[in-house]
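Subject: A structure for you to look at

Hi,

Here is the structure I promised to pass on. Have a look at it first, then read my notes underneath.

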Amino acid sequence: MFLVVLTSLLVWFVFLVARGQFWRANICLPDDYVQTKSAPSIVAIIPARNEEKYIGKALESLVNQRYSGKFSIIVVDDQSSDGTVQVANAAAELNGHSEKVVVVNGKPLPPKWTGKMWAIKQGIDELSKYAPDAVYVLLTDADIAHDCDNLSRLVSKAETENIRLVSLMVRLRYKSSWEKLLVPAFIFYFQKLYPFSLVNRSGRKEAAAAGGCILVHRDTIASADIPMSIRTSLIDDCALARQVKESGAIWLGLAMDDTRSLRRYDQLSDFWSMVARSAFVQLNFSVVNLIGTVLGMLLLYMVPPIALMFGWLFDWKLSCLGGVTWCLMCILYFPTLRYYNASIFWAPSIVLSGLMFTAMTVDSAFRYWLGQGNSWKGRSY
């Protein structure tokens, strides 16, 4: 048991000094962005399926961008059964920018396509008609509210550093009890899986993006055959990043401004479904990867507190080692908590969130084996 706990401590120490020091949570777009000499034309494509609760605020944030260049928006209604179209049109008219917004009625989903990629394809097909001079395409979701200067920051990053894809991990909602427990941990785990500093480094194989906010050069979309080349990808944002990084630079960072997700996770089931629908996909549907992941998560997040508690009764050395490991774990979690302005007293809860994310991953595998697959908004892949 002592060797097991020591292994856990060594792994956390490796995270401290290596793995791109992902835990720092300090890679972001600067507020004092450089205003480029030209303001290239941009078009936003928003795939929307049953998003009447959020799309109004999302569109309001986009039409009110303080961007000096030409900017237009294509909303692709992906066979919605609610009032998504009506809310989208009303939001554009209410803000006096109806000329900027085009709502396209999506066609039925064909075989061997995911819904989001099919909607994005239909939006790209409309570029020649509604935005023929667009240099950049902003791929964003119908539940994302953008800071008024977000477009300017994204374009500045892309233009000044010749980056073909710039993506932001937007702030997830952080209000309910479940969100406070799980959201910072989710960001922490995502950065551990895809260290931003390594993703952003040329010559490294790591590639990732956050699907809620991706600015990509239009030429890159054509040369990488997007979205046709990733039409079956269930984790489409990272698949897109891999395609782009094969031929150009990409950049991924945290949103430090008011660019945020509007989606609510008031109930555990809301967050659980979001994770479970793609966790086993991330493991390539491999039982070996699943077993390795479960054992790794237990080693990292459960062994230290167990050693601390049981060692207190039987072996003080074991207890001390478990306590030191847990403290190191909490220290590495502090920057992500600070990103959400959360109290450091939430830090020990990372062991509970680790156990819950492990359970979500196992549930994701069982859903796949039971034929439920990747279920989202009435579709199962």
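Let's start with a term: a cavity here is a set of grid points where a 1.4 Å probe fits but cannot get out. One thing to keep in mind throughout is that this is a predicted model.

**Cavities**

How many cavities of 30 Å³ or more are there? The count comes to three. The largest cavity has a volume of about 80 Å³, and the second largest holds about 40 Å³ of space.

If you want to find the largest cavity on your screen, look for its lining, which includes Lys 116, Met 117, Ile 120, Leu 139, Thr 140, Asp 141, Asp 236 and Asp 237. Helix H4 (115-125), strand E4 (136-140) and helix H10 (236-245) each give at least two residues to that lining. By type, the lining has six nonpolar residues, two polar and four charged.

The second largest cavity is lined by ten residues, and the ones nearest its centre are Gln 35, Thr 36, Tyr 67, Ser 152 and Val 155. Its lining divides into four nonpolar and six polar residues, with no charged ones.

**Helix H4**

Is H4 mostly covered or mostly open? Mostly covered: eight of its eleven residues are buried. Among them are Met 117 and Ile 120, both of which also line the largest cavity. Trp 118, Ala 119 and Ile 124 are on the buried list as well. Lys 116 counts as partly exposed, because its relative accessibility is 24% and that class runs between 20% and 50%.

**Salt bridges**

The structure holds 16 salt bridges. One of them joins the side chains of Asp 141 and Lys 116, at 3.1 Å from N to O. Asp 141 sits in the loop between E4 and strand E5 (144-145) while Lys 116 is in helix H4, so this pair ties together parts that are 25 residues apart in sequence. You met both residues earlier, in the lining of the largest cavity.

Another salt bridge links Glu 179 with Arg 173, and their closest N and O atoms are 2.9 Å apart. Both Glu 179 and Arg 173 are buried. They also belong to a network of salt bridges that takes in Arg 264 and Asp 266.

Then there is the pair Glu 206 and Arg 204, whose side chains meet at 2.9 Å, N to O. Which class does each partner fall into? Glu 206 is buried, with a relative accessible area of 11%, whereas Arg 204 is partly exposed at 36%.

**On the surface**

There is also a nonpolar surface patch of about 1100 Å². Its members include Phe 285, Val 287, Ile 291, Leu 352, Trp 369 and Leu 370. Helix H13 (287-314) and helix H15 (350-369) each supply at least two of the patch residues, and the largest share, five residues, comes from H15. Leu 370 lies in the loop between H15 and strand E10 (375-376). Leu 370 counts as exposed because its relative accessible area is 64%, and exposed means over 50%.

One last residue to click on is Leu 3, in helix H1 (residues 2-17). Leu 3 is exposed too, with a relative accessible area of 64%. The C-alpha atoms of Leu 3 and Phe 188 are 26 Å apart, and the two residues are 185 residues apart along the chain.

Cheers

How values were computed. Residues numbered from 1 in each chain as written. Predicted model: local features only at pLDDT ≥ 70, side-chain atom pairs only at ≥ 80, totals over all residues. Heavy atoms only, no water. Patch = residues over 30% accessible without salt bridge, like charges linked within 9 Å, V, L, I, M, F, W, Y side chains within 5 Å. Areas by Shrake-Rupley, 256 points an atom, 1.4 Å probe, with all protein chains shown as cover. Salt bridge = Lys/Arg side-chain N within 4 Å of Asp/Glu carboxyl O. Helix = DSSP H or I, 4+ residues; strand = E, 2+ residues; numbered from the N terminus. Buried < 20%, exposed > 50% of the residue type's maximum accessible area, 1.4 Å probe, protein only. 1 Å grid on protein atoms, 1.4 Å probe; cavity = no way out; pocket = protein on both sides within 12 Å on 5 of 7 lines; lining within 4 Å. Points joined across faces, edges and corners; volume = space filled by probe spheres on them. Nonpolar A, V, L, I, M, F, W, Y, C, P; charged D, E, K, R; others polar.
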